[in-house]
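The following paragraphs lead the reader through a structure, beginning with its elements and ending with a sheet. Please keep the sequence and the model in view while reading.

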Amino acid sequence: MSQVIDDDPRIIEFDVRTDEMLVNMGPQHPSTHGVLRLVLRTDGEVVSEIEPHIGYLHRCAEKIGENISARQFIPYTDRMDYLAAMNMNLGWSLAVEKLMRHQVTEKARHLRVLISELSRIASHLVGMGAYGLDLGTFSPFLYAFREREKILDLFEEACGARLTYSYITVGGLTADLPPGWLARCEDFLNQFEPVIREYHTLLTTNAIFVKRTASIGVLSPELAINYGCSGPVLRGSGVDQDMRRDGESIYTAMYDGYAFEVAVMKDGHYPRDHVYPAVPHDAVLGDCWHRFFVRMLEVVQSMDLVRQAIDRYSACKGPLGEPVKVAEKIPVGDVYLETECPKGQMGFYLVGNGTAIPWRVRARSSSFSNLSVLAELCHGCLIADVPAIVGSLDIVMGEIDR
Amino acid sequence: MAEYLIQTVGLPEWLTWSLMAVLSAVLILNLMAGGALVFIWAERKVSARIQDRLGPTRTGGSFGWLQSLADGIKLLAKEDLMPEGADGMLFRVAPYVSFCASFAAFIGLPFAFDMVGLRLNVGVFYVVAVLGLEVFGVILAGYASASKWSLFGAMREAAQVVSYEVPLGMCIVVPVMLAGTMDLVTIGEKQAGWFTNWYLFHDPFTFVVFWVYVTCAVASVNRAPFDLAEAESELVAGFHTEYSGLRWSFFFMAEYSSMFLVSGLAAVLFLGGWNGPVPLATLAGLSEGTGETTGALVRLLGLANLLGKATLGVLIMMWIRWTLPRLRIDQVMTTCLKYCTPIAAAMFAGAMVWLWVFPGGVLNLDDGSRRPGEIREGWLEGPGGRAPAAATAPASIPAEEAVAEVAG
């Protein structure tokens, strides 16, 4: 009997057949940015299929929001995108204010711009540093964290926390800036500006970095729009959209009088408000390099906005205004508001029923939509490209799982 | 010393030579193990300084120089884990294969004129061949770990290291051709004198070939930007994902000693070996300027020269590692097959032509009595038919036996 099996040519063919391998990447893996789990179907080094599994950081934030008052929900928004908690606070506060028809003071408005743009810089620094880490270089990560620490020091002075601030709140901000803060902030900006050139040398224009990112994970504008991508991922594909300019009036009114140009490639070049390194020849619009580069441009753009906000804030006289009461009643009605967070468009939906506690709370996460396009981008790439593509999407699991 | 034992103490000859071989092996093993510890400490401090940190500051004084030792004790005390489904025998053997290969190669590396574990007439060949065995340990580890990440790491290592042996070999052949011998001691000896005698400055082709060698050497010891076998952001830890404790530390030591070895080889082949940039010993009248260093002081000077050059090479590798991102596997292979190999081959041909046109060299500050391309009579017995240096095993012991003694 065994002789028959040995002689069967099909058996021999089966023996030498190469097979696909299912590899489980995460939820504990160095480069999945938290607890993301990816299941890769690989043929040697080539990835034929990739499937993200999420939910490892789910904390029922939305359901909790339906059991506490709107202001009490602020600390929960901190824990969504914990790398840009200020922007999360702002998104929720604006949504509630829109429903309450609450108008913050002029001083609070400029302070919010100042704080949220600083937070954007901090978030992009982590994104940039962690991206270097994904590509195998450790040092830029620590250089990025060195500067981020200085921003966190400023935030700590302002609100006492370094990660989960709850500083921007419904109806304004919890406290005004301490004396001397603005000068220290300007010191930081002056010191930070030349450092960006170092980042460009270490990463943006580095030959190996360009080799690893240019033409990798190309996301066409149509695909980006179809998947609901937003933020630097969308702009990296050349779609000219930024909620700070194109959003709802309650949000864009915050930026009234501020001069900034959306960081997007138009007619083959990026905004020429600063000196940037040239786009490498092998980079294609929508690839990992462009997504990374848009973030680097937004850091400079946010620095400009912070400088403008410092001028406007210091010109404002009068009090900052008090935030609403913790148990302030929310009028009947529903509201949905999207703001431009560092990772993309973060939307908050809430329904009020006349009590202090919202009847319905939902959050639309930008990282969630950005991650959903991963399967399209990773089709046929190499294993080493998977961290490069995941890193270029700059996701935060706290926001995806909520 | 061997003669002393035979003639004065009266030990039998076979016992004396065996004792000498064991002594050499123990010396080299301990020197390199200690060296690896120092390099591991240096890597921590160097990377810390590059990254705006301090590195270890507590263990053993403010420079943390006992950190490696403390880590070693920690690794010794760790639980010895082996994943379920692993091939137990291969899993246990793999670290030792890597470790032995990388340490055994030091037998052939001369630290000064007569400071060499075993003077071999095929020294270059021996060192490169034994160093190439290190890859077997890695492949075994990856295969036996029963982990997909380890398997990926091992496959990458196999593809990468085997490919890079080709341009590496071609680069090494150039100094061998110039010296007319594969004996590392003779190659070092021929570069005695001013630094212009170094093979790096022999002709434009050797200058280029040196940089190709550096690239290939970094790749063949799996250092960034070619550290694909352990690519921590992609493969968790690559081939040593499942290793812990002392077994893991053997891989670690092998990596650092290989780094030192390829740097030492670069120093001997291209950078004058134990000959300093300025022939201090000759100028001071301590040596005759032939590269044959005599006397303890001159010997120590030579040792310091070689260790300094090799350490500099290791430090440059660390500097590269903490600066550059990692290449992708296809790009690593492209670098090897499309750039390194053709360039090395072209430079080899160029150096050959140069040697034919300028047989005496052009930058040679010597009197020209020693021609670089000269093949001496009786080179198989060593230059000038001299007996091997005292502190070595006899040249009559075949290389394989000597390896077996150290490796076993």
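Helices here are DSSP runs of H or I with at least four residues, strands are runs of E with at least two, and both are numbered from the N terminus. In these terms, B:Leu184 lies in helix H8 of chain B, which spans residues 184–189. The model in which this helix is found is a predicted one.

Chain B as a whole provides the setting for that helix. Its secondary structure consists of 14 helices and zero strands, and from the N terminus onward each element in the series is therefore an α element, a run written α-α-α-α-α-α-α-α-α-α-α-α-α-α. Of the 408 residues in chain B, 50% are buried. When contacts in chain B between residues at least 6 apart in sequence are considered, 78% of them join residues at least 24 apart.

B:Leu184 may serve as a local example. Is this residue buried or exposed? A residue counts as buried if 20 or more other C-beta atoms lie within 10 Å of its own; because B:Leu184 has 29 other C-beta atoms within 10 Å, B:Leu184 is buried. Beyond its neighbours within four places in sequence, B:Leu184 is in contact with B:Gly108, B:Leu109, B:Pro110, B:Gly123, B:Val124 and B:Val268. The C-alpha atom of B:Leu184 is also separated by 9.7 Å from that of B:Phe113, a residue 71 residues away along the chain.

The nonpolar interior comes next. In soluble globular proteins, nonpolar side chains tend to be buried together. The largest nonpolar core in this model contains 221 residues, and the members that touch the most others are A:Val386, A:Ile389, B:Cys171 and B:Tyr213. Helix H10 of chain B, residues 245–269, supplies the largest share of this core, with 15 residues. As for A:Ile389, its contacts outside the neighbours within four places in sequence are A:Ile216, A:Gly217, A:Cys288, A:Leu374, A:Leu377, A:Cys378 and A:Cys381.

Chain A also holds a sheet. Three strands form this open sheet in the order E1-E2-E3, with antiparallel pairing. Strand E1 (21–25) and strand E3 (46–53) of chain A stand at the edges; each has a single partner strand, so one side of each is left without a neighbour in the sheet. From one strand to the next, the twist averages 20°. Strand E2 of chain A, residues 37–43, is joined to E3(A) by seven bridges, and these two strands run antiparallel. Within this pairing, A:Asp43 has A:Val46 in E3(A) as its bridge partner.

Technical notes. Residues are numbered from 1 along each chain as its sequence is written. Chains are lettered from A and ligands numbered from 1 in the order in which they are written. This is a predicted model: local features need pLDDT of at least 70, side-chain atom pairs count only at pLDDT 80 or more; totals for chains, interfaces and linings use all residues. A residue is buried if 20 or more other C-beta atoms lie within 10 Å of its own, exposed if 12 or fewer, and partly exposed in between; C-beta atoms are placed from the backbone. Two residues are in contact if their C-beta atoms, placed from the backbone, lie within 7 Å. A nonpolar core is a set of buried Ala, Val, Leu, Ile, Met, Phe, Trp, Tyr and Cys residues joined through C-beta atoms within 7 Å. Two strands pair if DSSP finds at least two bridges between them. Axes are lines fitted to C-alpha atoms, for helices over the stretch in contact, and angles run from 0 to 180 degrees between N-to-C directions.
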